[in-house]
Each structure stands twice: as C-alpha cells, then as structure tokens.
Amino acid sequence: MIKSRFAAVPYGVWMAIFIIIPLALVCWYAFTDASGAFTIDNLADIGRYTNVFTRSIWLAAIATVICLVLAFPIAFLISRMSGAKQTFMLMLIMLPMWMNFLLRTYSWMSLLENNGLINRLFGLIGLGPFEMINTQGAVVLGMVYNYLPFMIMPLYSVMTKIDRSVIEAAQDLGASPARVLSKVIIPLSVPGISTGITMVFVPAISTFIISRMLGGGGNLLIGDLIEMQFLGNAYNPHLGSALALVLMVVVLLCMSIAGTLDNDDVEDMLL
Amino acid sequence: MENNVIVRLENISVSFDGEEVLNDFSLDIHDREFVTLLGPSGCGKTTTLRIIAGFLYPDSGRVLFDGRNISSLPPHKREVNTVFQRYALFPHLNVFDNVAFGLRVKKLPEAEVKQTVSEMIEMVGLKGFENRRVTSMSGGQQQRVAIARALVNSPRVLLLDEPLGALDLKLRKEMQTELKRIQQRTNITFIYVTHDQEEALTMSDTIVVMQGGKIQQIGSPQDIYNEPKNAFVANFIGESNILNGVMHDDYFVEFAGAKFTCVDKGFRQDQEVQVVVRPEDIKLVAPDAGMLNGIVKSTVFKGVHYEMLVEQAGYTWKVHSTASEQPGAQVGMVIGPDEIHIMVKPEDKAGD
C-alpha cells in the first residue's frame with residue numbers, strides 16, 4: 001500500500017497545481033471585485049448575458065445532434081469493414097485534425113464568403129449569392145466540421161465490439177433491419193453515444209474562434225464573452241471568472257441531463 | 001413417409017475469393033429428423049448451415065423450404081432459428097429478455113410472451129435465473145439460454161452450429177443427451193453441425209459426412225460406422241486399418257497376404273478394393289493360431305482398452321484389446337467375416 005501511495009505523489013502534485021489551484025483561483029476571482037472584497041455582483045451581472053448563454057447551448061446542442069446523426073452510420077460502416085480498410089478510413093477521418101484548427105476554420109470563411117468559392121459556383125448556374133457567412137448556420141457548420149471526429153471515434157470503438165453473430169442472431173429471430181438497429185445496435189452503442197455527446201458538446205459550447213470567424217459579430221457565444229473579459233477592451237477577469245464558473249455549471253447540468261437519457265430516448269433521437 | 005422433405009438444397013455452389021466451398025451440393029433433409037453435418041473444418045458444413053439460415057446467398061442453386069423456393073428470402077423472414085457457435089446472446093439483455101426477443105419482435109401479447117418464455121426457461125433448466133445478466137453466466141448456462149432463445153419461437157427447423165464446442169467434456173456429454181431429449185420432445189427438425197464424430201454418432205438419426213464441399217456419405221450412425229463408403233469416412237469416423245485388397249469373388253477377398261471370407265458382394269471379379277478393419281474388431285490370439293502373424297511394436301494404455309501397434313508384412317495394424325501384449329511379442333490375429341468392410345477404390349469409381 002505504501003508503495004502505491006508514493007507512486008501517486010507526482011499525480012497529486014500535478015492535480016494540485018494544474019486543476020485544484022486554477023479552479024480555486026477562478027472561484028476566488030468570481031466572488032471578488034477589483035479591490036479584492038467579497039461580492040456577488042459578478043454573478044448577478046451575468047443575467048445580462050442570458051441570450052448569449054441560450055444561444056451557446058442551442059447552437060452546441062444542434063451541432064451535437066447533427067454530429068451524432070452523421071457519425072452513427074459512418075462509424076457503423078467503418079466498424080464492419082475489414083481491418084486494413086478500417087485503418088485507412090480512420091486515418092481519413094483523423095487527417096484534417098493534423099492541420100491547424102485556425103487554418104481549417106479560415107478556409108471555411110473563404111468558402112462561405114459572399115464572393116467566396118461556393119457563391120461563385122452558384123453564380124455560374126445563375127443562383128445566389130446566398131448569405132452564408134456570419135450566420136448561425138455557419139457557426140453550426142464550423143462546429144460540426146471540427147468536432148465530428150470526436151463523435152465518430154467513440155462510436156466506432158464501441159461498435160467494433162459488437163459481434164457480427166449478435167446481429168445475425170437478431171435477424172435470425174425475425175428482426176427486420178430497422179429492428180436490429182433499434183433493439184441491438186443502438187442499445188449496444190449507448191456508451192459510445194454518451195461519450196461522443198460529451199466530447200462534442202463541451203468544446204462546442206465553449207468555443208470562441210468558430211463563432212468569431214464564421215458567425216461575425218452578431219453571434220456572440222459564451223466563449224467569446226469570456227475571452228473579451230481577459231484579453232479584450234472590456235478587461236474584467238472577475239466577470240470572466242464568474243462566466244466561466246456558470247458555464248461549468250451549465251455544462252455539468254447538460255451532461256447530467258444527457259446521462260439520464262435511456263435507450264429509448266436515444267432511439268427516438270436517431271430514428 | 002420418405003417424401004416429407006422439409007429442407008431441400010439443390011445444386012448449391014458457393015465460393016469465397018475464388019475458392020470453391022460448396023460445389024454442386026444437393027441435400028434433402030426430412031421433417032422431424034436429427035441430421036448432423038459432420039466433417040473437418042473447412043469442409044463446407046457451416047457454410048451449408050448459413051445458406052439455410054439465410055446469412056449467405058449461394059452463387060447458384062436453390063434452397064427449398066417445405067417445397068417453397070426461399071433462396072432470396074432474408075434471414076428474418078425464414079422459419080428457421082439458429083443456435084450459434086459462441087451463443088451470440090444479447091449482452092445488454094437479461095436471460096428473460098434474451099429468450100423473449102423473438103416473440104416480442106413478432107409483437108405477441110406480453111402475457112403470452114411471459115408464459116411461453118417462462119415455460120421455455122424451465123424446460124432448459126434455468127428457472128430462477130430470469131433476471132440474471134447473460135454476461136455473468138457460465139458457458140453451459142449461456143448455451144441453455146441460446147437454445148431456449150431459438151426454441152421459444154417454435155421453428156420448423158433448428159440449426160445448431162457446433163453449439164457444444166466451447167464446453168468441457170463432461171458438460172458436453174450432458175448437453176448431448178439433453179439436446180436429443182429436447183429434439184424428441186419438441187419434434188422439431190434439428191440440423192446440427194459438428195466436427196466431433198462421437199457427438200454425431202450419439203445424437204443423430206442421419207449423419208451427412210462432408211469433405212471438400214462434397215457429401216462423402218449419408219446414412220444412419222450405424223451405417224456410417226459399420227459400412228463406410230470410402231477411406232475418408234472410415235478414417236474420420238472412428239479409427240481404422242485401411243488396406244488395399246483384391247475382391248476375387250463374391251464374399252471372398254484377399255489382403256495383407258491372406259485370403260478371407262467376408263459379407264460383401266457385387267464387385268467385378270478381381271476388382272481392386274480397399275478394406276477397412278476397425279481396431280476393436282481384431283482378436284489377438286497365440287502365434288500361428290490366427291489368420292495373420294505379427295509382432296507387437298508398442299502398447300499404450302487408453303483407459304477402457306490397450307492400443308497396440310502390430311507389424312505384419314510391412315503394414316502396421318492398430319489393435320484395441322482389453323488384454324495387453326508386451327512389445328516384441330509374437331501374436332496371431334483373427335478377423336471375422338462381419339468385421340471386414342469392403343470399399344470401392346477411389347480411382348476405380350468411374351469403372352464401377
């Protein structure tokens with residue numbers, strides 16, 4: 001026992017320096033004013049930003065659902081492929097992630113612009129131009145594009161563990177393809193679904209680059225708001241910390257709601 | 001009642017990646033029979049089963065079920081159920097829900113589901129385990145769940161793909177008796193796939209011996225054991241001594257340098273044949289008191305009997321006997337007419 005306790009010391013130190021202390025600092029800033037006195041004004045101020053919070057939750061939720069609907073069939077198809085093909089497909093999915101996040105989002109900007117590539121193509125067939133950049137749709141697109149692999153990977157990893165014979169057994173017992181999906185494949189994928197939702201929803205709700213680059217000024221998200229409090233003209237780390245604290249609570253709430261989803265709800269979502 | 005064929009395979013051919021697994025394969029399976037497809041791995045027996053279940057569509061040929069062509073019917077529309085090799089239970093469901101799966105898919109009233117499933121669980125001896133997770137059960141118990149899950153749908157035909165392969169010897173023997181009992185009680189046609197000849201002999205009404213995607217012999221266990229059609233069947237079912245011989249006349253054969261009376265007839269005069277003699281059918285007697293003389297090369301104790309290798313005129317005989325002889329001993333061997341089984345030589349088939 002003593003040995004294992006010693007082995008845990010470095011991790012304890014690490015957690016203290018990089019998790020506990022920063023969290024404590026966030027809490028301390030959130031509940032103090034510029035002079036260091038205790039106050040709840042920072043938290044009370046957040047009421048002014050309710051619309052930003054709602055928008056962030058809403059857009060992140062939409063992006064998460066779209067990711068789930070897109071990733072589910074892709075992950076299943078990959079999990080049924082032969083070994084070499086699986087590796088190849090996974091590499092294709094990971095490939096964009098080796099490129100810089102900013103670069104990827106910039107390229108969407110130039111694609112979506114009013115005189116961007118897509119609108120020019122539409123122009124050739126006499127359509128448009130469409131207003132695509134600086135919309136909520138563009139923000140959701142950016143989130144889906146950037147976070148889709150985080151949904152595919154956990155789904156894929158649980159789906160490879162679904163034995164082919166279990167699917168055959170369901171067919172053998174009279175289940176049509178739709179019933180095989182709803183009674184066997186989806187229930188067995190639930191661990192991957194909930195991991196995937198967490199891994200997409202959490203970064204999506206706190207992103208600030210995607211909304212700034214693709215959403216213009218009009219689609220401010222919590223992430224932008226927090227960033228402005230630390231780096232922008234509005235410099236106010238106390239409000240920023242309070243925002244971060246509330247965001248954390250919101251994420252925890254959303255995740256615990258998602259955690260109580262049972263199989264039937266997930267089925268309804270996907271079918 | 002010989003024409004009550006329930007499953008008919010007609011000229012089925014299947015190949016994977018250019019390799020032929022079944023080649024112009026035809027087979028009739030009669031209603032209420034316990035049929036075993038027996039053969040070494042890669043002989044096409046599991047492929048045959050998957051074609052009947054609908055998991056695999058043949059490249060050519062037809063599958064008839066009760067006279068109806070079901071060749072292109074998907075598995076969920078076929079009146080057969082399968083017990084899979086490694087059970088393939090649903091890991092997210094408990095015992096009851098696993099067994100109830102098929103009935104619920106058919107949307108039967110829940111009260112009926114409950115009653116039928118409970119009866120079936122009781123029949124396979126798992127009463128009281130209804131709410132257990134299948135992942136926490138032993139191999140034997142999982143096997144029973146798998147059987148109950150298939151049988152509860154009262155299929156016309158039950159397909160079993162080496163269902164006892166993963167169990168230990170004692171449990172396997174128990175389950176063999178149990179499966180036979182269930183088959184007789186339910187009157188369902190069982191199509192059983194195995195590579196274990198003893199299992200096949202114990203349970204089957206009819207055994208289909210397969211090799212290289214072709215049927216080698218079809219018959220009752222007694223037929224297959226006592227009258228193997230060729231050297232492959234003789235070797236695969238039990239142990240045997242196989243020698244070349246010449247059929248001089250009806251009931252008269254020469255092999256191993258001696259002439260014997262036998263019970264076979266209908267061969268051409270002096271036709272070259274193969275002779276099968278089972279090791280337990282050779283009686284060891286004093287030297288020169290038998291038909292053949294040999295020298296014991298080795299003796300191994302096998303539990304029920306001793307296995308001895310006896311060398312005679314360049315051929316090493318395998319002999320089983322409850323009495324042992326020392327290695328090096330001179331012995332005589334006696335083979336009765338009933339114990340000599342004559343087979344056509346493979347390359348002689350065309351002229352037969």
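Mentor: Helices here are DSSP runs of H or I with at least four residues, and strands are runs of E with at least two. Keep in mind that this is a predicted model.

Trainee: With that in hand, what makes the pattern of chain A read the way it does along the sequence?

Mentor: Reading along, you meet α-α-α-α-α-α-α-α-α-α-α-α-α. The tally for chain A is 13 helices and zero strands, so no run of E there meets the cut-off of two residues.

Trainee: What else describes chain A as a whole, say the box its C-alpha atoms fill?

Mentor: Along the principal axes that box is roughly 75 × 70 × 35 Å. Chain A has 271 residues, and 30% of them count as buried. Take its contacts between residues at least 6 apart in sequence: 70% of these join residues at least 24 apart.

Trainee: How do you know whether helix α4 of chain A lies in the open or is enclosed?

Mentor: Count its buried residues. A buried residue needs 20 or more other C-beta atoms within 10 Å of its own. In α4(A) zero of the 12 residues are buried, so the helix lies largely in the open.

Trainee: And what span does α4(A) have, set against the expected one?

Mentor: Residues 83-94 reach 17 Å from first C-alpha to last, close to the 16 Å expected at 1.5 Å a residue.

Trainee: Over to chain B. Why is strand β14 called largely enclosed?

Mentor: Same cut-off for burial, 20 or more C-beta atoms within 10 Å. Five of the seven residues in β14(B), residues 271-277, are buried, so the rest of the structure largely encloses this strand.

Trainee: How do you know which strands pair with β14(B)?

Mentor: Pairing takes at least two bridges. Strand β11(B), residues 241-249, has seven bridges to β14(B), and the two run antiparallel. B:Met247 stands opposite B:Gln271 of β14(B). Strand β20(B), residues 341-344, is joined to β14(B) by four bridges, also in the antiparallel sense. There, B:Gln274 stands opposite B:Met343 of β20(B). Both counts, seven and four, satisfy the cut-off of two.

Trainee: What domains does chain B have?

Mentor: The assignment gives domain 1 (5-231) and domain 2 (240-351). Their C-alpha centres lie 38 Å apart.

Trainee: How many residues of each domain are in contact with the other?

Mentor: Six from domain 1 of chain B and six from domain 2 of chain B. On the domain 1 side, two are nonpolar, two polar and two charged.

Trainee: What makes a set of residues a nonpolar core?

Mentor: They must be buried residues of the listed nonpolar kinds, joined through C-beta atoms within 7 Å. The largest such set has 105 residues, and B:Ile52, B:Val99 and B:Leu158 are among those with the most contacts inside it. Leaving aside neighbours within four places in sequence, B:Val99 is in contact with residues including B:Val117, B:Met120, B:Ala148 and B:Val152. Apart from that core lies another, of 45 residues, including A:Ala60 and A:Ile222.

Trainee: Last one: which residues does the contact between the chains take, and how many from each?

Mentor: There are 16 from chain B and 15 from chain A. On the chain B side, the elements giving two or more residues are β6 (80-83) and α2 (95-105). Of these, α2(B) gives the most, with three residues. By kind, the chain B side divides into eight nonpolar, six polar and two charged.

Technical notes. Residues numbered from 1 in each chain as written. Chains lettered and ligands numbered in written order. Predicted model: local features only at pLDDT ≥ 70, side-chain atom pairs only at ≥ 80, totals over all residues. Contact = placed C-beta atoms within 7 Å. Nonpolar A, V, L, I, M, F, W, Y, C, P; charged D, E, K, R; others polar. Domains from an automatic or database assignment. Expected span 1.5 Å × (residues − 1).
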